[in-house]
Amino acid sequence: MATVSVEAIIDVPAQRVWDAIADVGAVHRRLLPGRVADARIEGDVRVLTMPDGTQVRELILAIDHRIRRMAYAVTDGQRLPLTYHHASFQVFDDGDRSRLVWLTDVLPHDAADLVRPRVERGIVELKAVLETSG
């Protein structure tokens, strides 16, 4: 299994970043407005609606407030040719800022080359939204 790992220093305290990450039903408002049009929670599943109307289903595996970690697995609607897609976010204190780590595990192994630019772009977008939303 290949792992794509990206991280960013965000000029926002860790608890505020974590509050946005842990609010899994509001990803379209708090983290990726414009990239995700809507989100709803159905039990342990988050259903993301993209701007073109396609839907992605993600099983929410963990929301651990103690270690500020959220993990999910994409179960349906994936656009890339992946047979497995698991990801996690973890937020760490960095003084009055935070460090956000996003790990994404994928199969097949060579799909990491397709996933990496999307995750790299995504963390830049998350950082911008978090820093401008106050």
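User: Where do K127 and E131 sit, and how many residues apart are they?
Analyst: Both are in helix 3, with their positions 4 residues apart, or about one turn of the helix. Helices here are DSSP runs of H or I with at least four residues, strands are runs of E with at least two, and both are numbered from the N terminus.

User: Before I go on, what sort of model is this, and how are the residues numbered?
Analyst: It's a predicted model, where local features need pLDDT of at least 70 and side-chain atom pairs count only at pLDDT 80 or more, while totals for chains, interfaces and linings use all residues. Numbering starts from 1 along each chain as its sequence is written, and side-chain values use heavy atoms, leaving out hydrogens and water.

User: Thanks! What do K127 and E131 form with each other?
Analyst: A salt bridge, with the closest N and O atoms 2.6 Å apart. The term covers a side-chain nitrogen of Lys or Arg within 4 Å of a carboxyl oxygen of Asp or Glu.

User: Are those two buried or exposed?
Analyst: In between: K127 is partly exposed at 25% relative accessible area, and E131 is partly exposed at 30%. Buried means under 20% relative accessible area, exposed means over 50%, and partly exposed is what lies between, using a 1.4 Å probe and protein chains only.

User: How many salt bridges are there?
Analyst: The count comes to 12. One of them joins E125 and R35, at 3.0 Å from N to O. That pair links distant parts of the chain, 90 residues apart: E125 is in helix 3 (residues 112–132), and R35 is in the loop between helix 2 (27–30) and strand 2 (38–42).

User: Which residues make up the network with R35?
Analyst: R35, R121 and E125 are linked there by salt bridges. E125 is partly exposed at 27%, and R35 is partly exposed at 26%.

User: And what about E42 and R57?
Analyst: Their side chains meet in a salt bridge too, at 3.2 Å from N to O. E42 is in strand 2 and R57 in strand 4 (residues 55–64), so the bridge ties together parts 15 residues apart in sequence. E42 has a relative accessible area of 34%, and R57 has 28%.

User: Switching to the sheet: in what order do the strands run?
Analyst: There are 7 strands in an open sheet, ordered 1-7-6-5-4-3-2, with antiparallel pairing. Two strands pair if DSSP finds at least two bridges between them.

User: Which are the edge strands?
Analyst: Strand 1 and strand 2, as each pairs on one side only. On average, neighbouring strands of the sheet are turned by 25 degrees against each other, direction ignored.

User: Which helices pack on it?
Analyst: Helix 1 does, touching strands 1, 4, 5, 6 and 7, and its direction makes about 155 degrees with that of strand 6. Helix 3 packs on the sheet as well, touching strands 1, 6 and 7, at about 20 degrees to the direction of strand 1. Axes are lines fitted to C-alpha atoms, for helices over the stretch in contact, and angles run from 0 to 180 degrees between N-to-C directions. Contact means heavy atoms within 4.5 Å.

User: Which residues of the largest nonpolar core touch the most other members?
Analyst: I21, L31, Y72, F89, L100 and W102, out of 40 residues in that core. Elements supplying at least two residues each include helix 1 (14–22), strand 6 (84–94) and helix 3. Such a core is a set of buried Ala, Val, Leu, Ile, Met, Phe, Trp, Tyr and Cys residues joined through side-chain atoms within 4.5 Å.

User: What does Y72 contact?
Analyst: Setting aside neighbours within four places in sequence, its contacts include R46, E58, H85, F89 and W102.

User: Is S88 buried or exposed?
Analyst: S88 is buried, at 8% relative accessible area. It belongs to strand 6, and beyond its neighbours within four places in sequence it contacts R69, M70, A71, V101, W102 and L103.

User: Last one: which residue has a positive phi in the hairpin of strand 2 and strand 3?
Analyst: G43, near 65 degrees, in a hairpin with 2 residues between the strands. The two strands run antiparallel and are joined by 5 bridges, and I41 stands opposite R46.
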